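Reader: Please take a close look at one charged side chain in this model and describe its setting. I would like the surroundings in the chain as a whole as well.

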Amino acid sequence: MAEQNGFALAKVRKSYPTRSGEVVALDGIDLVVPRGSFTVLLGPSGCGKSTILRLLADLEEPTAGTVTVHDETPAAIRRAHRTGLALQDPSLLPWRSVRDNIRLPGQVMGRPIPNERIDELLSLIGLEDFAKARPGELSGGMRQRVAIARAIAIRPEILLLDEPFGALDEITRQYMNEELQSLWASTGATALLVTHSISEAAFLADRVVVMSPRPGRIVGEVAIDFARPRTRSLLTEPAFHAVCDRLSAMLHAGGEPAMADA
């Protein structure tokens, strides 16, 4: 049986008018990933990674080309509340408890999330004892856990993550990557993560898509076949370091054909 499409971008271009002329953020983007997979976009600042995520989230429209999500338009997926979104800023409501921040998407949709689901999520993120706490009482890593729990509370088909751990220290970030893997596995969602971190990409992805500086283009892809679930012990393995070295070489070489997958 052929794999069903998760995300598909065909000949996508995105440009923005400015006083000094057109700025091209993306040019000639062709990308198809299977449903239920975890894909990571890796590249330098300004390469258009977040622009691709915003196109998939229906926050922007392409200047040219087509974007589909589960063989539908991003707008149809958004209107049906089938997308979970987590950004670098967790954007929790400061006057709401952890529990009430997690239940927010259901209230917005008019489909209350059962207390049993909230309890399950609190357990998954290890914050059962902080259910009544306000965001100001939490560490940065704890706030990000709440934000991701909120994103998956409605059991989304699509999970879009834009540098959710970018502001965290390296030790906390490694721990959060392990937690994110578990949370994603519990949903079966098609996931896309934007990151600058080579090790984060190699640890989380089924497939890493490497992008060039603006105008953003895909310059290579690497399939990651480490068994799941992955633990922090993977970070010490020679095979993991070999993948990271390959991704680093692709980034610094600008994705020369010899570095891309055959």
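**A charged residue and its chain**

Author: Of the 262 residues in the protein chain, 48% are buried. The model is a predicted one, and the residue to look at here is Arg145, which is buried yet has no salt bridge. Arg145 lies in helix α6, a stretch that covers residues 140-152.

What is the nearest side chain of opposite charge to Arg145? That side chain is Glu179, at 5.3 Å. A salt bridge would need a side-chain nitrogen of Arg within 4 Å of a carboxyl oxygen, so the pair does not count as one.

The contacts of Arg145 fill in the rest of the local picture. With neighbours within four places in sequence left aside, Arg145 touches Ile125, Gly126 and Leu127, and also Tyr175 and Met176.

As for the whole chain, its secondary structure consists of nine helices and nine strands. The radius of gyration is 18 Å, close to the 18 Å that the globule rule gives for 262 residues, so the chain is as compact as a globular protein of that length. Along the principal axes, the C-alpha atoms fill a box of roughly 50 × 45 × 45 Å. Contacts between residues at least 6 apart in sequence join residues at least 24 apart in 70% of cases.

The surface and the charges complete the account. Carbon and sulfur atoms hold 53% of an accessible surface of about 12,200 Å². The protein chain has 29 positive and 32 negative charges, and the mean positions of these two sets are 6 Å apart.

Conventions. Residues are numbered from 1 along each chain as its sequence is written. This is a predicted model: local features need pLDDT of at least 70, side-chain atom pairs count only at pLDDT 80 or more; totals for chains, interfaces and linings use all residues. Side-chain values use heavy atoms; hydrogens and water are left out. Helices (H or I, at least four residues) and strands (E, at least two) are DSSP runs, numbered from the N terminus. The radius of gyration is taken over C-alpha atoms; the globule rule is 2.2 Å times the number of residues to the power 0.38. Buried means under 20% relative accessible area, exposed over 50%, partly exposed in between (1.4 Å probe, protein chains only). Contact means heavy atoms within 4.5 Å. Accessible areas come from the Shrake-Rupley method with a 1.4 Å probe; for residues, only the protein chains shown count as cover. Lys and Arg count as positive and Asp and Glu as negative; His and the chain ends are not counted. The place of a charge is taken as NZ of Lys, CZ of Arg, CG of Asp or CD of Glu.
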